[in-house]
Structure formats: C-alpha cells, structure tokens
Amino acid sequence: MEKYKSLLKRLEKTAKQYTNIAPENGQFLSILIGAIKAQNVLEVGTSNGYSTIWIAAALKETGGRLITLEFDPTRAAEAETHLQEAGLDRIVEVRVGNALDEIAKCDATFDLVFLDAEKNEYRRYLELVLPNIRSGGLIVADDTLTMRDEMPDYIEYVFNTPTLHSVDIPLDDGVILSYKTEV
Ligand SMILES: C[S@@+](CC[C@H](N)C(=O)[O-])C[C@H]1O[C@@H](n2cnc3c(N)ncnc32)[C@H](O)[C@@H]1O
C-alpha cells in the first residue's frame, strides 16, 4: 500500500466532495481481499476511484481483478485517470452505467462484493448479484450506521436470509460484513 500512499493522501483531501470511504475502511477491504485471496471483486459505486484504488492494490497482490460500476461518466473518467496514475488500470474494469442494469451483465463468480452506491438500492444490488457470489464469499456494505434508515430492506435481508451470516462493524460510518454459505 506504501506505493499508493501519496495518491490516496491527495484524494483524501476531497473525500467529502466525492463521498469516499474512510482510510480504515479501505484497509479493512484490503485485509479481507488478502485473507481470502480474492480473485474476482465487484464494487458498486466507484465515484472518483478512491476505494477502487484500495481494492485494486490488494488485488494486485492476489493476482485478482475488479469490476467497478458508476453511472456518472465524469466520475468514472476521474477514476480511470487515478487508476492509470496508480498503475492499476489493467486489473480494473470501470463500467459506466446503472448498477441495476450492469450487475445482471456480470457473469463472473465473485469472491467479494463491495456496496457503496444508493443506500435504498443495496438490497436490489445484492439480490441481483447473490447468485454470482461463491459460497464462502463476502459482501461489505458501507454507511450502515450513519445511513441505516435508508436501507431497512437491506438490513432485514442480510440478517434474516439463512445463507447470509452478517455482523455490524462500527468502522467510520459503519459497515455490515456478510458471509455467504450454501445452506
Ligand atoms: C458513496 S459514492 C462511492 C464512493 C466510493 N466507493 C469511494 O469510497 O471512493 C457513491 C457513488 O455511486 C454512484 N451511484 C449511485 N447510484 C448508482 C447506480 N444505481 N449505479 C451506478 N452508480 C451509482 C454515485 O454516482 C456515486 O459516485
């Protein structure tokens, strides 16, 4: 991560404007990716690519790849520029479009999915991608403490679906980590 430190630090100056995750949440994603040796990751909500860099840097170590979805073309272009600057663009595919359409077009089997777009769409993102998450795969949803009232359907789903095992983690704005099993 040392290699990407100056770029990440620079992007942290505009974190509010681009609604980026906190550095500790980036570190959390990075640890998970390394621990499960993730090969395929999906990110929903790229913005200018701050979290994308954390994820992609971890995937560079595991030899994995990332698809990231963003419907704002200006933000997606900024993310591409930052990924090129970091030398991570070859392992990341930035897809411009509505995640509600784009997820269905993904045919990879994902080891980890990171949700950080519209809070009231989290449940629909997860329902769309769930068949493509491997058993033993992980889902990380951001802003689950500060914006919890915008995602009651997601909360209900991840804590009541028998194949999902979920825990609230009070990292910055809160994340819910879910683990998918077959039964
Ligand atoms: C919270 S920001 C993502 C921040 C980013 N993960 C980071 O930490 O650097 C949410 C982004 O999701 C995008 N977004 C919201 N709804 C979307 C959708 N349905 N499909 C694709 N992108 C969406 C917004 O344009 C915004 O850039």
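The face of helix 4 that is turned away from its buried side carries the exposed residues Pro73 and Thr74, where a residue is called exposed if 12 or fewer other C-beta atoms lie within 10 Å of its own, buried if 20 or more do, and partly exposed in between, with C-beta atoms placed from the backbone. Helices (H or I, at least four residues) and strands (E, at least two) are DSSP runs, numbered from the N terminus. The model is predicted, and local features therefore need pLDDT of at least 70 and side-chain atom pairs count only at pLDDT 80 or more, whereas totals for chains, interfaces and linings use all residues. Residues are numbered from 1 along each chain as its sequence is written.

Helix 4 comprises 14 residues, 73-86, and reaches 20 Å from its first C-alpha to its last, close to the 20 Å expected at 1.5 Å a residue, the expected span being 1.5 Å times one less than the number of residues in the helix. Within helix 4, the residues Ala76, Glu78, Ala79, His82 and Leu83 are buried. Viewed down the axis of helix 4, these buried residues fall within an arc of 160 degrees, so they line one face of the helix; the arc is that of the directions from the helix axis to the C-beta atoms. The buried residues of helix 4 pack against helix 1 (5-12), helix 3, strand 2 and strand 3 (92-96), a contact being counted if the C-beta atoms of two residues, placed from the backbone, lie within 7 Å. Gln84 also belongs to helix 4, and with 13 C-beta neighbours inside 10 Å it counts as partly exposed. The C-alpha atoms of Gln84 and Pro170 are 32 Å apart in space, and the two residues are 86 residues apart in sequence. Helix 4 is followed by Gly87, whose phi is positive, near 75 degrees.

The ligand is surrounded by 19 residues, of which the closest are Gly45, Ser47, Tyr50, Ser51 and Ala99; a residue is taken as near a molecule or strand if its C-beta atom, placed from the backbone, lies within 6 Å of it. The elements that give two or more residues to this shell are helix 3 (50-62), strand 2 (65-70) and helix 5 (99-102). By residue class, the shell divides into seven nonpolar, six polar and six charged residues, where Ala, Val, Leu, Ile, Met, Phe, Trp, Tyr, Cys and Pro count as nonpolar, Asp, Glu, Lys and Arg as charged, and the others, Gly among them, as polar. Asn98 lies in the loop between strand 3 and helix 5 and, with 13 C-beta neighbours inside 10 Å, counts as partly exposed. The C-alpha atoms of Asn98 and Val129, residues that are 31 residues apart along the chain, are separated by 14 Å.

The largest nonpolar core has 49 residues, and those with the most contacts inside it are Val41, Ile55, Ala56, Leu112, Val113, Phe114 and Leu115; such a core is a set of buried Ala, Val, Leu, Ile, Met, Phe, Trp, Tyr and Cys residues joined through C-beta atoms within 7 Å. Helix 3 contributes the largest share of this core, eight residues. When residues up to four places away in sequence are not counted, Leu112 touches Leu32, Ile33, Ile36, Ala38, Val41, Gly137, Leu138 and Val140.

Two loop residues have a positive phi although neither is a glycine, namely Thr19, at about 45 degrees, and Asp172, at about 50 degrees. Thr19 is placed in the loop between helix 1 and helix 2 (23-35), and with 14 C-beta neighbours inside 10 Å it counts as partly exposed. Asp172 is found in the loop between strand 6 (164-169) and strand 7 (175-180), and is likewise partly exposed, with 17 other C-beta atoms within 10 Å.

Lys9 is located in helix 1 and counts as exposed, with 10 C-beta neighbours inside 10 Å. The C-alpha atoms of Lys9 and Pro23, which are 14 residues apart along the chain, are separated by 9.2 Å. Thr181, in the segment after strand 7, is exposed, with 11 other C-beta atoms within 10 Å. Leaving aside its neighbours within four places in sequence, Thr181 is in contact with Ser135, Thr163 and His165; the last of these, His165, is 16 residues from Thr181 in sequence and 7.9 Å from it in space, C-alpha to C-alpha.
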